[in-house]
Amino acid sequence: MILPFPIFEPHQEKLTFGTTLKELGSFDDQSKNFGEQLNKLPTKPIIFCDQVHGDEIHVFVDKPIRKPEGDAFITQKKGLGLAIKVADCQGILLFDPTTSTIAAIHAGWKGVAENIVPKTIDVLENALTVDPSDLLVGISPSLGPCCSEFTDPKTELPDFMHPYAKDRHVDLWKLVDDQLNKAGIPKENIERIKECTKCNKDKYFSHRNKDKERMAVFISLK
Ligand SMILES: [Zn+2]
């Protein structure tokens, strides 16, 4: 089954989008049946990045490069699906109805620490003339503040993340929501599925539950 993002539903004529649930199987691109799995997604072709928990952003103007390495990608090309594979990390989808631009970000704590989210919005704004206040954002289920435990957040994370740490837990949901707001995206344009992947193991794969499998969070322009 595929979980929709209600925030994108008024734009269904232009967009295909969603998050796969555990029952649809793994979308890890290293797995043997990855090709078969892709047939379960409602959009083709679809590009998965070789995610490296960094801050590299790709803009696909015409064709995507083969096996891009990075954690965010952007396109205005119709029919080209962008997908993030997740199991605890946040899969963040962005859509600008004015310029018909889409983006997908893989935001684990390492990428968040490297500011992958504001950096992607910066590229949208400065390279593609997107007004951040027009952007609509859908965020996949991910590790909640209940389960995002670190050994010592004060030494493991950069200073700007410390205000989000309470005991040994870090509220990565609030942190990313604040980054999106600060970059100019209004609160009402952001839809986060507030379900923790580790707590809901019947529905979602979770790296912290030792799952090797991944879910797909995807978007494409029709
Ligand atoms: Zn949890």
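**View 1. The buried side of helix H3 in a predicted model****.** Ile116, Val117, Thr120, Ile121 and Leu124 are the buried residues of H3, where a residue is buried if 20 or more other C-beta atoms lie within 10 Å of its own, exposed if 12 or fewer, and partly exposed in between, with C-beta atoms placed from the backbone. These buried residues cover an arc of only 135° around the axis, which puts them on the same side of H3; the arc is that of the directions from the helix axis to the C-beta atoms. On the face turned away from this buried side, H3 carries the exposed residues Asn126 and Ala127. In this predicted model, local features need pLDDT of at least 70 and side-chain atom pairs count only at pLDDT 80 or more, while totals for chains, interfaces and linings use all residues. Residues are numbered from 1 along each chain as its sequence is written.

**View 2. The span and the end of H3****.** With 13 residues, H3 reaches 17 Å from its first C-alpha to its last, close to the 18 Å expected at 1.5 Å a residue, the expected span being 1.5 Å times one less than the number of residues. Helices (H or I, at least four residues) and strands (E, at least two) are DSSP runs, numbered from the N terminus. Just after H3, Thr129 takes a positive phi of about 50°.

**View 3. The open sheet and the helices packed on it****.** Six strands, in the order S4-S5-S8-S7-S9-S12, form an open sheet whose pairing is mixed; two strands pair if DSSP finds at least two bridges between them. Strand S4 (57-60) and strand S12 (190-192) stand at the edges, each with a single partner strand, so one side of each is left without a neighbour in the sheet. Strand S9 (residues 136-139) pairs with S12 in the parallel sense over three bridges, and Val137 has Ile190 of S12 as its bridge partner. Helix H3 (residues 116-128) packs on the sheet and touches S4, S5, S7 and S8, its direction making about 160° with that of S8. Helix H5 (residues 172-182) also packs on the sheet, touching S7, S8, S9 and S12, and its direction makes about 165° with that of S12. Contact requires C-beta atoms, placed from the backbone, within 7 Å, and axes are lines fitted to C-alpha atoms, for helices over the stretch in contact, with angles from 0 to 180 degrees between N-to-C directions.

Note on methods:
Two residues are in contact if their C-beta atoms, placed from the backbone, lie within 7 Å.
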